[in-house]
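Got your viewer open? Let's take a short walk through this model, one selection at a time.

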Amino acid sequence: MRNTGSRSRWSVRFSAAGLAAAAAAAFLTAGADTAGAAPVVNPKAGKVVAHSGFDVKRDGFSFENWGPNDALHRRGLTTEGMRAVFGDEVCARIVLGICSPTTVAELVMAEFNASMRGGHCYGMAALAGLYNTKRLSQFPLALPGQSVYSMPASGPLDELIARLFITQGFPPTDLAASAVTAPQALSKLRTAWARDDNYILAIFDSEEPTAGHAITPVALRDLGGGKHGIVVYDNNFPGVEKMVVVDPAADTWYYSTATNPSEPTMLYQGSPTNKMVLVPLAEALARHQDPDLRSDDTVVLVSDTNGTARGVGDVDWDVRVTDLSGKPIPGVDQQLLLNNDNTARFTVPAGKRFRIVVDGVEAGRTADINTTVLSAGGAVAVGDLEVPSGAVAALDIDPARHAVRVTSSAPTSAEFEVATEDSLRSVSTDTSQLVIGPGSSVSVGATPTGVSVHSEGRAQKFQVAVERSDTFIDRNAVTSMPITLRPGAKADIPVSIWTGWNPLSATVRAGGSTTSVPLSIR
């Protein structure tokens with residue numbers, strides 16, 4: 001779903017609005033999970049009037065949606081997954097069929113793997129639908145005659161789910177998603193099922209969405225009184241049918257779910273301004289836009305690393321995108337990625353400088369923010385930026401230079417990475433933690449010869465790591481001693497003219513003095 005506003009509140013809340021009337025309906029079970037929480041819907045109520053042929057105990061997965069890798073789920077997105085989604089352009093070279101990724105592709109892959117710590121619901125909904133509609137073969141993960149439900153979690157299956165998860169963030173999938181009215185949703189599902197097709201169903205919790213979830217529509221039920229039910233496979237509840245209750249006349253709907261079965265039920269409520277979203281399955285298998293966005297809009301991904309798929313440790317915070325004076329930018333578009341983590345995707349018109357503001361962190365908590373900005377020819381990323389309650393952090397972005405300047409009203413620190421590429425090679429430069437705070441800032445960005453790091457207001461001591469990938473080999477270099485910057489000093493690392501074989505040194509300029517800091521080549 002797309003939200004044209006540039007401000008979003010990130011939290012998961014229970015809603016009791018309208019529950020008294022809803023609880024009287026015949027399709028509800030008695031009571032709710034907890035006082036004031038959402039009603040529990042009986043998915044067997046009413047009469048089946050249309051069916052997709054999807055059986056949750058045959059075509060759904062036997063394991064539930066997960067967040068970070070664990071003993072059961074050990075693999076995330078890989079280079080081959082990136083290549084399957086974006087094509088050979090993510091490869092610096094291909095030798096004997098093996099892709100060595102560009103540094104930009106590696107950065108994007110790391111960002112999405114971090115985002116999936118908040119859950120894999122979109123990837124699971126997409127893959128279950130693709131298997132059921134025979135758009136994708138289950139072999140060799142399941143032998144002929146075996147069901148999807150019988151497939152155990154495995155590295156290859158986890159990776160396939162991860163690669164489908166990332167398609168939601170890039171064309172053509174994100175352009176094919178359509179917000180639909182309640183009557184349109186019912187009609188489109190009937191039509192798709194009649195041709196043995198289906199959709200991914202995306203739902204959001206409010207008109208200003210704070211949570212999104214991806215599920216697989218299974219059947220339609222007539223609940224009487226003009227109400228209908230969309231029976232769904234919810235990947236948080238293996239082997240169990242759930243139901244979205246729809247009122248076509250009022251163009252409203254609601255759905256009771258939870259981030260996992262052991263937690264209180266949460267209510268998603270729809271209206272004419274909070275529509276359901278249908279995503280065509282076929283788009284998931286198409287080639288998607290190259291993540292370096294050679295000539296398109298700037299793409300911004302902002303997420304936190306506090307929560308998990310189960311919402312444990314989740315922190316409320318605000319994020320918005322403005323121009324450098326704090327005013328709205330026409331054409332900025334926001335999309336809430338479908339997982340249980342706090343992840344926002346913005347698109348900003350190409351070439352425009354802008355500011356990302358993170359604030360509104362809940363009392364007594366600290367948000368750990370990651371930001372990646374993708375623009376023509378490269379990316380810049382800021383990781384592990386801690387924003388405590390009451391603080392305001394601002395990231396001023398120059399997408400043409402893949403540059404960022406970070407300020408904060410409270411003492412904090414962050415890691416930085418700049419990755420660029422052309423037809424000959426790709427290079428990335430990342431730093432260890434740099435300190436930021438009141439009266440001090442850090443600027444990192446690409447230059448004609450490489451990457452610069454500039455410290456204002458305070459001294460810095462940090463390490464640098466460089467990677468170069470080209471059609472022949474990957475080469476790495478790291479600082480053999482920390483780089484020290486006095487306030488106002490600048491370090492230049494000439495990675496763009498580094499061949500991978502010649503010596504590489506950072507040059508520190510402070511006032512009229514120049515110091516060389518060698519990097520060790522590996």
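Start by selecting Tyr122, which sits in helix H4, the stretch covering residues 121-132. Keep in mind as you look around that this is a predicted model.

**Stop 1: Tyr122**

Switch on a surface and look for Tyr122: is this residue buried or exposed? Its relative accessible area is 1%, and anything under 20% counts as buried, so Tyr122 is buried.

Now show what surrounds it. Leaving out residues up to four places away in sequence, Tyr122 touches Leu164, Phe165, Thr167, Gln168, Thr173, Ile200, Ala214, Val279 and Leu338. Pick Leu164 from that group and draw a distance between the two C-alpha atoms: you should get 7.5 Å, although Tyr122 and Leu164 are 42 residues apart in sequence.

**Stop 2: H4 against H5**

Next, colour helix H4 (residues 121-132) and helix H5 (residues 155-166). How do these two helices, H4 and H5, lie relative to each other? Their axes come within 7 Å and cross at roughly 105°. Angles of 65 to 115 degrees count as roughly perpendicular, so that is the label for H4 and H5.

Turn on side chains where they meet. From H4, select Tyr122, Gly123, Met124, Ala126, Leu127, Leu130 and Tyr131; from H5, select Leu157, Leu160, Ile161, Leu164 and Phe165. Colour this set by residue class and you'll find eleven nonpolar residues, one polar and no charged ones.

**Stop 3: H2 against H5**

Keep H5 on screen and add helix H2, residues 79-86. Here the axes are 9 Å apart, at an angle of about 40°. That angle falls outside the ranges for roughly parallel, perpendicular or antiparallel, so H2 and H5 are oblique to each other. H2 passes H5 in a right-handed crossing.

Who is doing the touching? On the H2 side, choose Glu80, Gly81, Met82, Ala84, Val85 and Phe86; on the H5 side, choose Glu159, Arg163 and Ile166. By class, this contact has five nonpolar residues, one polar and three charged.

**Stop 4: zoom out**

Finally, show the whole chain as a cartoon. How many helices and strands does the protein chain have? There are seven helices and 36 strands. Of the chain's 522 residues, 57% count as buried. Put the surface back on and you're looking at about 19700 Å² of exposed area, with carbon and sulfur atoms supplying 54% of it.

Key
Residues numbered from 1 in each chain as written. Predicted model: local features only at pLDDT ≥ 70, side-chain atom pairs only at ≥ 80, totals over all residues. Heavy atoms only, no water. Axes fitted to C-alpha atoms, helices over the stretch in contact; angles between N-to-C directions. Helix = DSSP H or I, 4+ residues; strand = E, 2+ residues; numbered from the N terminus. Parallel < 35°, antiparallel > 145°, perpendicular 65-115°, else oblique. Left-handed = near helix turned anticlockwise from the far one by under 90°. Contact = heavy atoms within 4.5 Å. Nonpolar A, V, L, I, M, F, W, Y, C, P; charged D, E, K, R; others polar. Buried < 20%, exposed > 50% of the residue type's maximum accessible area, 1.4 Å probe, protein only. Areas by Shrake-Rupley, 256 points an atom, 1.4 Å probe, with all protein chains shown as cover.
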